[in-house]
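The following exercises concern a single protein chain and are to be worked with its sequence and coordinates at hand. Each task is followed by a solution in steps.

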Amino acid sequence: FLTITLIISVLNFYQPPKQFQCPDCSVLFIGFDALQSVHVSHLGYFRDTTPTLDRLARGGFSFSQAISPSSWTVPSFMSVLTSTYPSIHKVVNKYAVFTKSQKKLSNLKELSPDIITVAEVFKLAGYFTAGFTGDAGVNHVFGYNQGFDVYTDEVKFGSMSTSEKHALDWLDQNQGNKFFMFFHGYDAHGQFDLPENYRSRYEPGDYRGPYKGTKEEQEALREEGLKMGFVNLTDADVEFWRAWYDGKIKDADDRLAGFLTELEKRNLLEKTVIVLFSDHGTEFYEHQRLDHGFSLYDELIRVPLIIVIPGTKGGKIISQQVSTLDIVPTILDMVGVNPGEAFRSQTRGASLVSLMSGTRNLGEDVFVETDYRNYTHKRAVRTIDGWKYILSLENGGEELYNLTDDPQEKYNLVNQETTKAEQLRQQLARHIKEDLQENLDKKPRADCLPVYENQCQ
């Protein structure tokens, strides 16, 4: 643990080469909610779902093995904005307490009063700070507005279009000011409110199955999967849902293109570092379920991450494994903001500039976790040599996958590869005990914690 801390500390003091420095730049974080990296065109997907993301990647750096610290929104974005694991910032569920007599929402300041957000860091450094979001899992009540001068979240599961209107109005009122902005939308999410009679542009023309692609159907399938451990879909149903998802991604990509065009009209792209990333992917029957949060398979935790630096030649896809916890240390390096010792000591990520510049060749082992609605309490490690070990704390269940030979995580090798399993079991145990400060012998909570209104009644 001390060695890891020392490495992170050294990397946080790393001085980037000139072409990766942009001290006069503003910073734009784009949170493209619920986007599986497998469905991104420039990362090898067979459909042209993401031309805007692909254009950003051609001008910047795209990480093909970026791993989110969790598999759903509430903990994941908070982890990115604080560069800490969910178990450290403690905003791991929508509710901290949910009983007949008390219903208390999670809140960063109450759960972890010493944790600092990147918005607070930028605000202290003199930046104007603003967040324009789609509510739900990034609602201000959880502490997501901490450090922001302005934060909007009035439309539940809101679109990038709503965020764009607020963002452009704010930019026009604050011309010439250096800013940090968190721009977010749920356009690809299962609960995004689609227009009536919406049809995906990729929908199979001969589909005659029972589904229409509504958020109510998606919700019902999610709950069935949680209750039963699986849902029953035909091959045609799966093809329909994946095409439905791709259509939503393409629509969101088109909306994002419009926002970037408006930034270009305002001459902001030439002086703004852009970071586009997702908080998690989403399942479409890869493991016989739909939605996200419950598991830590790659369809949920492997996400797009693209960084664009004005004046720096890009077009590079970086294949080394990284964590989205690395985003904030990377950007602070680039813009030359000293976050202070308190923020530096909480940070669990490390600057990626050395990977981007080619002075570092190795990625990093990455830890991930979920406590989704207290249905499960999973912790995992995904290693740079292509292994993943998952531990379910509630029942001791173990999974081990060789991602090189089995990228779809179909074959649990925990009883065959006993030496590797023990190695990763010990590595994860050290992380849980020393970094997360969790007691492995303590029985995890099993009470129901809702996300949606009709749960835990």
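**Exercise 1. The nonpolar cores**

Identify the residues that touch the most other members of the largest nonpolar core.

Solution. The largest nonpolar core holds 72 residues, and Phe29, Phe63, Phe122, Leu305, Ile331 and Met356 touch the most other members. Helix H11 (residues 327-335) supplies the largest share of this core, six residues. A nonpolar core is here a set of buried Ala, Val, Leu, Ile, Met, Phe, Trp, Tyr and Cys residues joined through side-chain atoms within 4.5 Å. Buried denotes under 20% relative accessible area, exposed over 50%, and partly exposed in between (1.4 Å probe, protein chains only). Helices (H or I, at least four residues) and strands (E, at least two) are DSSP runs, numbered from the N terminus.

The model is predicted: local features need pLDDT of at least 70, side-chain atom pairs count only at pLDDT 80 or more, and totals for chains, interfaces and linings use all residues. Residues are numbered from 1 along each chain as its sequence is written, and side-chain values use heavy atoms, with hydrogens and water left out.

Next, take Ile331: leaving aside residues up to four places away in sequence, Ile331 touches Val27, Phe29, Phe122, Val273, Val275 and Ile307 (contact: heavy atoms within 4.5 Å). Another core, of 47 residues, lies apart from the largest one and includes Val40, Trp241, Leu276 and Leu290.

**Exercise 2. Helix H7**

Compare the span of helix H7 (residues 160-173) with expectation, and determine how its buried residues are arranged around the axis.

Solution. Step 1: the expected span is 1.5 Å times one less than the number of residues. For the 14 residues of H7 this gives 20 Å, in agreement with the 20 Å between its end C-alpha atoms.

Step 2: Met160, Ser163, Glu164, Ala167, Leu168, Trp170 and Leu171 are the buried residues of H7. Because they cover an arc of only 165 degrees around the axis, they lie on the same side of H7; the arc is that of the directions from the helix axis to the C-beta atoms. An α-helix has 3.6 residues a turn, so residues three or four places apart point the same way.

Step 3: the buried residues of H7 pack against strands S1 (26-32), S6 (128-132), S7 (150-152) and S8 (179-185), and against helix H9 (235-265). On the other side of H7, Lys165 and Gln173 are exposed.

**Exercise 3. Salt bridges between distant parts of the chain**

Where in the chain do the partners Arg255 and Asp187 lie, and is each buried or partly exposed?

Solution. A salt bridge is a side-chain nitrogen of Lys or Arg within 4 Å of a carboxyl oxygen of Asp or Glu; the whole structure has 28. Arg255 and Asp187 form one, at 2.9 Å from N to O. Arg255 belongs to helix H9 and Asp187 to the loop between S8 and helix H8 (215-228), 68 residues apart. Arg255 is partly exposed at a relative accessible area of 25%, whereas Asp187, at 1%, is buried.

For a second case, Glu409 and Lys388 meet in a salt bridge of 2.7 Å, N to O. Glu409 is in the loop between strand S19 (397-402) and helix H14 (418-435), and Lys388 in strand S18 (residues 387-392), 21 residues apart. Both Glu409 and Lys388 are buried.
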